[in-house]
Amino acid sequence: MWTRHKTYQRQSMLLVFFVFGLVLVCIFVRLGYLMLFQADYYGAQAKELHERERKIKAERGKILDRNGNLLAGNRSVSTISVIHSQLKEPEKVIQTLSKELEMDPETIRKKVEKVSSREKVKSNVDKETSDRIRNYKLAGVTVDEDYKREYPYDSLASKVLGFTGSDNQGIIGLEVTYESCLKGLDGSILTMTTAHGTEIENGAEDRIEPVAGWTLNTSLDLTIMEYADQVASMLLEKKKAKSVEIILMNPNNGEIYAMAGAPEFNLNDPYALPEGSAMTEKEKNKALNAMWRNECVSDTYEPGSTFKILTAAAGLETGAVKMTDRFHCPGYKMVEDRRIRCHKTAGHGSETFLDGIKNSCNPVFMEVGARIGTENFFQKLQQFGALQKTGIDVPGEANTIMHKKENVGAVELATMSFGQSFQVSPIRLLTCAASIINGGKSITPHFGVSAISADGTRMKKFQYPGGETIVSEKTSDLVREALGKVVSEGTGSKAGVEGFTVGAKTGTSQKLPRGNGKYIASTIAFAPVEDPQVIALVRIDEPEGLYYGGTVAAPAISELYGNILPYLLDK
């Protein structure tokens, strides 16, 4: 019995030793594996545990006009933060930051007492204030350099340039389109810390320098922009209009010199709404989006008689009409059961097609539209690009709102021929007109010309589609000459500028619903007639009093060109 018991004990001890030995072998094998094969991984993990990363913000790239004038730059600011584990005098920190940052002490207390690796107290702190805070040498308080976007001309071209958010990221306009060029690459500082997260005094730091964003060179011209802004603001006030849009562009390559949309907003304070605007959060967001909206690109409207530029080109190009063809205008035209009138109710009588263009005669253009026919008319609109977006390099471009071809009858074709019953954006219409008068070549409207790296060693030139023939050179010449006579002899006489030849087409369209008494007055004009170097569109939405394009928009063209042409053509 005793012998059997001793044997049992011996076997139990052997089993225990065996298991223990097996566990030791497993531990040694695991340690060997970790030391030999996982050393790099766990070394990196340990380093990460004992390092704290602080970002160094990259300076955002500048935006310049075509002459190198600064349109968007940066101002040095700081971000003030607290590190809970390093605070030695929390009450002093609270009182000091409250005083210097002009913040409620209780707000700062919550941030100071929050247990986190880093708590941001305030960003966009001016340099003078951040320097004072740095000089206090408060343990646990960090002052990190940052940049705040700054626009030297406040509201000038606000809807084109756009602005950035609190993180310096583009929100609208060119700031968001060219975000990848402008944003740069943030750097960082890696600081060694204890296991409790406290930075080791005099510990080594790894520093990765930031890379500044690229400078964006644009086609915008500060001088032309200022003239356009002045005229738009004047029209807005004088005509008590809902809005005024002005675009000036090089018709040969699509470079945009200016795009004004009054009322503009202050780029340095883009969230400020007019005083006295008591709104819910939803209403405020809607008001802000409306304020930021670029009507030149994102809105559509019935173009009215300015569209006759396209109808004339389509008629000449298809051979449906010649400049010498004769028509008769009794003041209206019957189309099926509809009596569609001319703006001159007494009629223009007998006239050639050239006279019809000069007189902006609706019956003449309705007859030309009928001769072209629905199929050919749509084919030409497609060829002109009128049914597609332009591809302009700012976000939010609107589509053309057009009838479906299969739904177009005689009445629809008649109204389309003189610019009613469909809608286009201002930039789309102007681009089509530019391609028709520039010799017949397609263009893409744009602002971005090139981008240059911060160190000046690299440059990227932006390329845009264009150069396709949309009308023959002969048709382009005929339309250009006819539009020159619109100013020298016809309805666009008020767009003229002494000493320069100007071609133009005026337009007046009634807003829907018909009969509401609200109109849009507009004029498209280019100069010089013989070799166009600039084309412009002025659109006045809901002017009070006189509302005809030839009466209110054409004089604005004259004032604009009176200032711009000597500057632009003498360069």
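Is Ser78 buried or exposed? Select Ser78 in your viewer to find out. This model is predicted, and in it Ser78 has a relative accessibility of 4%. Buried means under 20%, so Ser78 counts as buried.

**Stop 1: around Ser78.** Colour residues 70-82, and you will see strand β3, where Ser78 sits. Next, show the residues that Ser78 touches, leaving out those up to four places away in sequence: Lys122, Ser123, Asn124, Val125, Ser130, Val143, Asp144, Glu145 and Asp146. Now pick Lys122 from that group. Lys122 is 44 residues from Ser78 along the chain, yet 8.5 Å separates their C-alpha atoms.

**Stop 2: a helix with a kink.** Move on to residues 549-569, which form helix α19. This helix has 21 residues, and a straight helix would reach 30 Å, but the end C-alpha atoms of α19 are only 26 Å apart. Centre your view on Tyr561, and look for a kink of about 35 degrees.

**Stop 3: what covers α19.** Stay with the helix and highlight its buried residues, among them Val552, Ala556, Ile557, Leu560, Tyr561, Ile564 and Leu568. Then switch on the elements that cover the buried residues, including α9 (222-238), β9 (243-249), β10 (256-262) and β17 (503-510). Strands β18 (519-527) and β19 (534-541) are also part of that cover.

**Stop 4: the whole protein.** Zoom out to take in 19 helices and 19 strands. Of the 571 residues, 49% are buried. Turn on the surface: its accessible area is about 28100 Å², with 52% belonging to carbon and sulfur atoms. Finally, among contacts between residues at least 6 apart in sequence, 72% join residues at least 24 apart.

Definitions and conventions:
Residues are numbered from 1 along each chain as its sequence is written. This is a predicted model: local features need pLDDT of at least 70, side-chain atom pairs count only at pLDDT 80 or more; totals for chains, interfaces and linings use all residues. Side-chain values use heavy atoms; hydrogens and water are left out. Helices (H or I, at least four residues) and strands (E, at least two) are DSSP runs, numbered from the N terminus. Buried means under 20% relative accessible area, exposed over 50%, partly exposed in between (1.4 Å probe, protein chains only). Contact means heavy atoms within 4.5 Å. The expected span of a helix is 1.5 Å times one less than its number of residues. The bend at a residue is the angle between axes fitted to the seven residues ending there and the seven starting there. Accessible areas come from the Shrake-Rupley method with a 1.4 Å probe; for residues, only the protein chains shown count as cover.
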